[in-house]
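Hi,

Here is the structure I promised to pass on. Have a look at it first, and then read my notes below.

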Amino acid sequence: MGKKHKDGKKSKSGKKKDHSEYTLADLSPALTQAARSMRTVLTRNMTASGLYAGQDGVILALSASDGLPAGTLAQKLGVKAPTMTRTIGRMEAQGFVERRPDAEDARLTKVYLTEHGRNSVSEIESSAAACDELATRGFSDKDVRSLVRLLKAIESNLHTGDDDEDDGEF
């Protein structure tokens, strides 16, 4: 049972925090945890396909524009080149992608989806849709639009902040 205050009323211990009590200090932990939870659910939804976290982004990027160099994929997905190289190696071993020399410049290697990779696109999209539905349960369409708009603004602000830091001396 909750403790009683001087006025005889029980405290509301164990109840969720009132939304008006959230402050800017709550943003980073809440956003980080929400992103982790989304990634966990998405990964669980894709388990049957044999894909691991992060591989879905590679497949979706290649489905939009097949035949990209590893560096371009890394840039599109916001990861470092060595990370992308390891991911591509693993996905190649799993049969999702293949590396081939560029037809015009044999020094350049490009990454292409295999048949298996192309067949996984619809599973990734349905897994992502199921995750999105779960995450926004109880949200109105307007809430979802506002949330996406705000998240994109946060991302833009953070990228702008990266650029500001680069203005210093070398």
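What follows is a walk through what turned up, starting with the overall layout and ending with the charged pairs.

Keep in mind that this is a predicted model. The chain has six helices and three strands, and along the sequence they run α-α-β-α-α-β-β-α-α. It is 170 residues long, of which 20% count as buried. About 12,700 Å² of the chain is exposed, with carbon and sulfur atoms supplying 54% of that area. If you take the contacts with a sequence separation of 6 or more, 48% of them are between residues 24 or more positions apart.

Now the inside. The largest nonpolar core has 21 residues, and the ones touching the most other members are Ile59, Leu62, Leu73 and Val97. At least two core residues come from each of helix 1 (27-46), helix 2 (55-64), helix 3 (70-77), helix 4 (81-94), strand 3 and helix 5. Helix 2 gives the largest share, four residues. As a bit of background, nonpolar side chains in soluble globular proteins tend to be buried together.

Helix 2 deserves a look of its own. Seven of its 10 residues are buried, so helix 2 is largely enclosed by the rest of the structure. Those seven are Gln55, Asp56, Gly57, Val58, Ile59, Ala61 and Leu62. What does Leu62 touch, once neighbours within four places in sequence are set aside? Its partners are Gly67, Leu68, Leu73, Val97, Val111, Tyr112 and Leu113.

Over in helix 4, try clicking on Ile88. With a relative accessible area of 1%, Ile88 is buried. Beyond four places in sequence, Ile88 contacts Ala70, Leu73, Val97, Arg99 and Val111. Take the last of these: Ile88 and Val111 are 23 residues apart along the chain, and their C-alpha atoms are 8.0 Å from each other. Leu73 and Val97 are on the contact lists of both Leu62 and Ile88.

Two polar residues in loops are worth zooming in on as well.

- Ser49 sits in the loop between helix 1 and helix 2. Its relative accessible area is 13%, under the 20% limit, so Ser49 counts as buried. A polar atom of the Ser49 side chain is 2.6 Å from the backbone oxygen of Met46, and the side chain also reaches the backbone nitrogen of Leu51 at 3.4 Å. Further along the sequence, Ser49 contacts Phe96 and Glu123.
- Thr114 is in the loop between strand 3 (109-113) and helix 5 (115-135). Thr114 is buried too, at 15% relative accessible area. The side chain of Thr114 reaches the backbone oxygen of Gly95 at 2.4 Å. Leaving out residues up to four places away, Thr114 touches Gly95, Phe96, Val97 and Glu98.

So Phe96 is a contact of Ser49 and of Thr114.

On the outside, there is a nonpolar surface patch of about 520 Å², made by Leu24, Leu27, Leu31, Phe139, Leu147 and Leu151. Helix 1 and helix 6 (141-165) are the elements that give two or more residues to the patch. One of the patch residues, Leu27, lies in helix 1 and is partly exposed at 38% relative accessibility.

Last, the charged pairs. The count comes to six salt bridges, and three are described here.

Arg39 pairs with Asp56, with 3.1 Å between the closest N and O atoms. Since Arg39 is in helix 1 and Asp56 in helix 2, this bridge ties together parts that are 17 residues apart in sequence. Are the two partners buried or exposed? Arg39 is partly exposed at 31%, whereas Asp56 is buried at 6%.

Glu98 and Arg100 form another salt bridge, at 2.8 Å from N to O. Glu98 is partly exposed at 30%, and Arg100 is partly exposed at 34%. Glu98 is also one of the residues that Thr114 touches.

The third pair is Arg107 with Asp105, at 3.0 Å from N to O. Here Arg107 is exposed, with a relative accessible area of 77%, while Asp105 is partly exposed at 26%.

Over to you!

How values were computed. Residues numbered from 1 in each chain as written. Predicted model: local features only at pLDDT ≥ 70, side-chain atom pairs only at ≥ 80, totals over all residues. Heavy atoms only, no water. Buried < 20%, exposed > 50% of the residue type's maximum accessible area, 1.4 Å probe, protein only. Polar contact = N/O pair within 3.5 Å; in protein donor to acceptor, adjacent residues only side chain to side chain. Contact = heavy atoms within 4.5 Å. Core = buried A, V, L, I, M, F, W, Y, C linked by side-chain atoms within 4.5 Å. Patch = residues over 30% accessible without salt bridge, like charges linked within 9 Å, V, L, I, M, F, W, Y side chains within 5 Å. Areas by Shrake-Rupley, 256 points an atom, 1.4 Å probe, with all protein chains shown as cover. Salt bridge = Lys/Arg side-chain N within 4 Å of Asp/Glu carboxyl O.
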